[in-house]
Amino acid sequence: MYKILRDCQVKPMELFQLYLYLSPQMAMPHINLLTWNLPQLEAQLPWRYLTITMFSPLSTEYIVAFNGYFTAKARSHFISSALKSSEALDWRIVPRKNPASDFPSDFEVVQIRQASHSSLLTLEDHPYIKRVTPQRKVFLPDPGATCNNDTRWTQKWQSWQSSRPLRRTSLSLAFGFWHATGRHSSRRLLRAIPRHVAQILQADVLWQMGYTGSGVKVAVFDTGLSEKHPHFKNVKERTNWTNEKTLDDGLGHGTFVAGVIASMRECQGFAPDSELHIFRVFTNNQVSYTSWFLDAFNYAILKKIDVLNLSIGGPDFMDHPFVDKVWELTANRVIMVSAIGNDGPLYGTLNNPADQMDVIGVGGIDFEDNIARFSSRGMTTWELPGGYGRVKPDIVTYGSGVRGSGMKEGCRSLSGTSVASPVVAGAVTLLVSTVLNRELVNPASMKQALIASARRLPGVNMFEQGHGKLDLIRAYQILNSYKPQASLSPSYIDLTECPYMWPYCSQPIYYGGMPTIVNVTILNGMGVTGRILDKPIWQPYLPQNGDHIDVAVSYSPVLWPWAGYLAVSISVAKKAASWEGIAQGHVMVTVASPAGNNVGGEMTSTVKLPVKVKIVPTPPRSKRVLWDQYHNLRYPPGYFPRDNLRMKNDPLDWNGDHIHTNFRDMYQHLRSMGYFVEVLGAPITCFDASQYGTFMMVDSEEEYFPEEITKLRRDIDKGLSLIVFSDWYNTSVMRKVKFYDENTRQWWMPDTGGANVPALNDLISVWGMAFSDGLYEGDFTMADHDMYYASGCSIAKFPEDGIVIAKTLKDQGLEVLKQETAVVEGVPILGMYQTPSEGGGRIALYGDSNCIDDSHRQKDCFWLLDALLQYTSYSMTPPSLIHSNSRVTPPTGTDRPLPERLEGNHLYRYSKVLEAHLGDPKPRPLPSKLFNLWKHQKLLSIDMDKVVLPNVRNYRPQVRPLSPGESGAWDIPGGIMPGRYNQEVGQTIPMFAFLGAMVVLSFFVVQLTKSKNKPKRRKPRVKRPTLPSQPPQTIGPQHTRPRTLED
């Protein structure tokens, strides 16, 4: 215990919260101590292990971001004037003693004791203050460390710590980690490789030409570097941004990264003659803070750094101060290279900032060109649920078993995407030194050269490899013949090319289907800012049946910094409803940027985006499954807990809950069974239910509009079937799993459980169904299949003529709350019901989604999904279930009250449905058009304002503009699906138009007749006063500023 306290650097004057995990007989989950006596604790408590969470008493630090760079005196004046009349009883500006202290800054760190919400609002209301956010702690964990500062649950039965959420971490793996994913992998082969990574990528070819990185400034943001390390000869500057008084590397991670980039001997780096700028931003305890990074980033801009390597990452793409500063860095021509994360092979696990368009995101491969299992996969999840993610990583390179500099001398091997990142950063540094005209080198032109020269890996899709493997020599050739231009990533859309274009190539398109959305990144090598001239033009190739598809586009109004988006929406024209074949065309885009060197005028570049798709006749209704994406919420911005409470290292639900991220295997299975799966990124009111056999709702956290509930009931009465996979929801457990986050120094309380069961119950209550707040887990057998129930709920109420299957499970809720173990027999987990209306659909409920979720699945239940789809789509009841010994009488819901919403929850802050209201939150008005969920320059969602929509029924409500944060969709009472042509529309609209014109014409004729019959009167002439002459007013050009997150 003493060793733990010593390693954690406990100070007696601080307040400690000690979590003592005791034996099951002890009823003491935690103890709060103002004074403590460790020997007495050791003598009296039979503790198992001890976790100490430290925080200063009633004190919170905030990052106050300003609208510009100001001196320290001005910043202090702004803050003091803002807090002068606030409720902040005690506050101070935290001193920051680092190399950037002598220069103007755009932020300040303020410590406020007993900070109230009103005092923070007062700060944000100041005209020079842009944003106030909590100071965040950043970790660089060491697997062997005794003391780690992870956030933990405060219960005995599980210590729930997060390796990713709420913080940015190092993206390297443990020493000597060897991993090979291919069939021909060999540990001996990997360890026997004689050459270093720089030589394998042919850096020695450029060395022989005289290029060694000379004159290029490269920054390494890491754990520092020893002053007299023998591998480095050109360390220009070492700076310390931490609260430790040392510049040396006490961990070895920063030394390794610097060695891959610029080591001159033994394990040689790519650019040994480059100017190394070492930024020590992590302490020896693997801790950093956002403010340290912000100061260091500002200093890097001041020093005019050319290349910056950042081997950290996290899922929080809404960490505003950090993301804003990354944009500012790249806008100042700093080429940032960052690791995409070590959360593979799961899809939807990209880390920030590598997922940004202006950053080069790097994934990892082994030396046999297999994608490393640890390397994170795309897509980006910013755009969900309304749009579709972009292609990331940008490029992959060696990241498994790479050799680099040891902490003091010699070499060692490391693995991880934080190893792949300095490989690319070193290659970029070397490439920059080969370009004579450095004005041509910028973040966009460098990325263009890298992705254009990359070698495509066979059998790997674009969300795993990006554009392919780094090819240093080809990149050199492209860069040295480069002319400023715009380009696209990906450079073409081919929905027939598998597996590279997965998932687009995995399912053909057809008339009446949801539009296929492909998000393309526009890279602008001509300048940091640019714009799209006119509008992108769709040009179908008529000989190649291009008129059989309709293409709509949305695009960035401003390209900044160096990049923007082009969202392409592809749907099938009515004339191809029964046609099968290939259709082609291209989208033409012209980009303009201000000419550099004070020449004036604009530079323009026109690029083509070829489009090729496969069209099939519209499949039958029974084969079409619609996936509800609109009602899935995830971290960030809120605390949405995992569906499986046993997962210690991954408590937050952050993978998107999309069929192409953490439900990828389920999607692949359904496609192999012949089903066509489409995604609904809008409210339930926005699709034609007559076109689909089954509507799937899985792990839904969102609330529902009243209109959605009404429409779904009507749709099911007319033949649509529904499958619901729920998850746990228990308010007592939700309060139990709250934790104190040292990053934001706040308590985090989940705003919903694994699923929003009260909202689901509102949706299905019309059929006499409901889920309970019970929380169960356990292994069992169903229809001769081994199953595992992972933190699921039970069915509390079901129609008496329905089919209900029950199993014996453990009461996990009791274990969480009271540390007691109990087995419950006859827990209803599966229900199937045929609605009584003529031609009505069927409903199937299951209380756990973990068996179809890739995140933490232990045993899949795809067989059960097949059986349920046979039931809902074809009315074929599985004999193995209907005659099961586990079939029980449907519950009536009288045993216990149904779950209620957590009192005081803040779901409305993140909801697309709820809005703040006095008392309980109330539903917003139902949106009347599609709208980007995040109004953000980085997102590639379809902007339906710029999409020409087909005619719909004449009683469709008028589209109104939506407020920021409000999602939108078509509200089509008649159930006409967007993208489908309605024959009745073509007949009724001309008739009403003709009648309306006749009424208007008659009105004007009557008015004209009256005016002619009235006698005319002459108006008296009035002498007007003479006014002094004024010059005519002119309207000058609008001045634009770089866009921020608020824009």
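**Notebook: a helix, two cores and three disulfides**

I began at the end of helix α10, where Arg 333 follows with a positive phi, near 70 degrees. I note at the outset that the model is predicted.

**Entry 1: helix α10**

I looked up the extent of α10 and found that it runs over residues 320-331, 12 residues in all. From its first C-alpha to its last it reaches 16 Å, close to the 16 Å expected at 1.5 Å a residue. I then asked how many residues of α10 are buried. The count is 10 of 12, and the helix is mostly covered. Among the buried residues I listed Phe 322, Val 326, Trp 327 and Leu 329, and also Asp 324, Lys 325 and Glu 328.

**Entry 2: the nonpolar cores**

I turned next to the largest nonpolar core, which has 82 residues. Those that touch the most other members are Ile 549, Leu 566, Met 666, Phe 725, Met 782, Tyr 846 and Leu 864. I asked which helix gives the most to this core. It is α20 (residues 862-874), with seven residues. I followed Leu 864 further: leaving aside its neighbours within four places in sequence, Leu 864 is in contact with Met 782, Met 787, Leu 830, Tyr 846 and Leu 881. Apart from this core lies another, of 58 residues, including Leu 206, Trp 207, Val 220 and Leu 472. I recalled the general rule that in soluble globular proteins nonpolar side chains tend to be buried together.

**Entry 3: the disulfides**

I found three disulfides in the structure.

In the pair Cys 267 and Cys 411, the S to S distance is 2.2 Å. The link is left-handed, with -100 degrees about the S-S bond. Cys 267 lies in the loop between α8 and β12 and Cys 411 in strand β20, so the pair ties together parts that are 144 residues apart in sequence. Cys 267 is buried, because its relative accessible area is 1% and the cut-off for buried is under 20%. Cys 411, at 24%, is partly exposed.

In the pair Cys 498 and Cys 505, the sulfur atoms are 2.0 Å apart. The torsion about the S-S bond is about 110 degrees, so this disulfide is right-handed. Cys 498 is partly exposed at 48%, whereas Cys 505 is buried at 13%.

In the pair Cys 851 and Cys 861, the S to S distance is 2.0 Å. This link is right-handed, with 55 degrees about the S-S bond. I asked whether Cys 851 is buried or exposed. Cys 851 is buried, with a relative accessible area of 2%, and Cys 861 counts as buried at 0%.

Note on methods
Residues are numbered from 1 along each chain as its sequence is written. This is a predicted model: local features need pLDDT of at least 70, side-chain atom pairs count only at pLDDT 80 or more; totals for chains, interfaces and linings use all residues. Side-chain values use heavy atoms; hydrogens and water are left out. Helices (H or I, at least four residues) and strands (E, at least two) are DSSP runs, numbered from the N terminus. The expected span of a helix is 1.5 Å times one less than its number of residues. Buried means under 20% relative accessible area, exposed over 50%, partly exposed in between (1.4 Å probe, protein chains only). A nonpolar core is a set of buried Ala, Val, Leu, Ile, Met, Phe, Trp, Tyr and Cys residues joined through side-chain atoms within 4.5 Å. Contact means heavy atoms within 4.5 Å. A disulfide is a pair of cysteine sulfur atoms within 2.5 Å.
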